[in-house]
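The following exercises train the reading of a protein structure, step by step. Please study the sequence and the structure before attempting each task.

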Amino acid sequence: MTALPPSAKAMVPFVSVDNMMRLVHRVGIETMLRELTDRIEEDFRRWESFDKTPRVASHSRDGVIELMPTSDGTIYGFKYVNGHPKNVASGLQTVTAFGLLAEVASGYPVLLTEMTLLTALRTAATSAMAARHLAPKGARTMAMIGNGAQAEFQALAMKAVVGIEAVRLYDIDPIATEKTLRNLQGSGLLVTACSTAQAAVEGAEIITTCTADKQFATILTDNMVGRGVHLNAIGGDCPGKTELHRDILLRADTFVEYPPQTWVEGEIQQMDKDYPITELWRVITGQVPGRRDATQITLFDSVGFAIEDFSALRYLRERIAGTDLYQNLDMIADPDEPRDLFGMLQRAAD
Ligand SMILES: NC(=O)c1ccc[n+]([C@@H]2O[C@H](COP(=O)([O-])OP(=O)(O)OC[C@H]3O[C@@H](n4cnc5c(N)ncnc54)[C@H](O)[C@@H]3O)[C@@H](O)[C@H]2O)c1
């Protein structure tokens, strides 16, 4: 008896790094960042319909490996992501990722994809979404402290979504700042390299910290943060890994993704449990105000939550449909008779 070819459900669309790069170029990075921002915001609006859990983190002395699952009842998604700040010294990246979407009804996967690039895009889009609700009106200048892999994406999302025109860069490693300066040439942003973090924040209405260090670091101290700014703190995203002095948090109104995860991983791990926080989705749905006045310091204590990856995966699935930007992977064993898995194996002897 000849075996039937694999059914459509057994072939899983796979987006390689190469195809992800082609997609970004085809769509245009700023358009893609805008579309991702809107998609993430759409999912934050239906926050309550998601199955939520803090990510499952496996910590070691060298870094962390995390699984980030969620489901909206129809589609299930997860991301595998690592965080290894010391990797860069040996020529490897701090953060790499891949992810999957599956159909809840059958449990069969419907998308497998690279997510190192997609994570940089979705993290930048999430920052821009938060800034759209929290940054001072008419913000035109941002400071970008930490000029590593995420930096250009962050700057471009703030330009595309918030209207940022100038970026002031600082990194302890001048090579990273030179790289970012070079990459942002021709972007339309006015980019300035600064020799200290203090100099970088001068005149900035939005301050993004995106450094990688496995410790309680103090990238910003209280005296560096003037009234009215919006802080977008991305790099503090693990137990024992923060970027801001706690005195800043005492002056700021702090907005978070998913509290059970942020209390463990975010800047607020430094605070007492009665420290007030606001869930960003409540601002987005209009239940609570975001920025109230021009003097308020707002802080988006970003750690990265599974729903943002789910939104990015969902966006990707729709964007690649009908294009040549994916391959079908023979990923799910597909016996002609579902209970004859062994028979399928036997028949494939040669
Ligand atoms: N919140 C999120 O959703 C999210 C998503 C992705 C990455 N991250 C985090 O963002 C951080 C940056 O990621 P990346 O991929 O750009 O890492 P990266 O290693 O490519 O870059 C980090 C940069 O920070 C610089 N740096 C370290 N200490 C510094 C200091 N004290 N002052 C100024 N600069 C300093 C390093 O020199 C390096 O250039 C990481 O901690 C990562 O875990 C968070």
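Helices (H or I, at least four residues) and strands (E, at least two) are DSSP runs, numbered from the N terminus. This is a predicted model, in which local features need pLDDT of at least 70 and side-chain atom pairs count only at pLDDT 80 or more, while totals for chains, interfaces and linings use all residues. Residues are numbered from 1 along each chain as its sequence is written, and side-chain values use heavy atoms, with hydrogens and water left out.

**Exercise 1. Determine in which helix Ser 127 is found, whether Ser 127 is buried or exposed, and which residues Ser 127 touches.**

Step 1. The helix that contains Ser 127 is α3, which covers residues 116-134.

Step 2. Buried means under 20% relative accessible area, exposed over 50%, and partly exposed in between (1.4 Å probe, protein chains only). Ser 127 counts as buried because its relative accessibility is 1%.

Step 3. Contact means heavy atoms within 4.5 Å. When residues up to four places away in sequence are not counted, Ser 127 touches Gln 154, Met 158, Asn 232, Ile 234 and Phe 300.

**Exercise 2. Describe how α3 and α10 cross, and which residues meet there.**

Step 1. Axes are lines fitted to C-alpha atoms, for helices over the stretch in contact, and angles run from 0 to 180 degrees between N-to-C directions. The axes of α3 and helix α10 (residues 306-320) come within 10 Å, and they cross at roughly 115°.

Step 2. From α3, the residues Leu 118, Thr 119, Arg 122 and Thr 126 meet Glu 308, Asp 309, Ala 312, Leu 313 and Leu 316 of α10.

Step 3. Ala, Val, Leu, Ile, Met, Phe, Trp, Tyr, Cys and Pro count as nonpolar, Asp, Glu, Lys and Arg as charged, and the others, Gly among them, as polar. By this scheme, the residues of the contact of α3 with α10 comprise 4 nonpolar, 2 polar and 3 charged.

**Exercise 3. State in what order the 7 strands of the open sheet lie, and find the bridge partners of Phe 14 in β17 and β6.**

Step 1. Two strands pair if DSSP finds at least two bridges between them. The order is β2-β3-β4-β5-β6-β1-β17, with mixed pairing. At the edges are β2 (56-59) and β17 (327-330), each of which pairs on one side only.

Step 2. Strand β1 (residues 11-15) runs antiparallel to β17, and 4 bridges join them. Here the partner of Phe 14 is Gln 327.

Step 3. The pairing of β1 with β6 is parallel and has 2 bridges. In β6, Phe 14 has Leu 112 as its bridge partner.

**Exercise 4. Identify which residues touch the most other members of the largest nonpolar core, and which helix gives the most to this core.**

Step 1. A nonpolar core is a set of buried Ala, Val, Leu, Ile, Met, Phe, Trp, Tyr and Cys residues joined through side-chain atoms within 4.5 Å. Of the 69 residues in the largest such core, Ile 206 and Leu 280 touch the most other members.

Step 2. The helix that gives the most to this core is α3, with 10 residues.

Step 3. Leaving aside neighbours within four places in sequence, Leu 280 is in contact with Phe 44, Met 129, Ala 130, Leu 134, Phe 255, Val 256 and Phe 300.

Step 4. As a general remark, nonpolar side chains tend to be buried together in soluble globular proteins.
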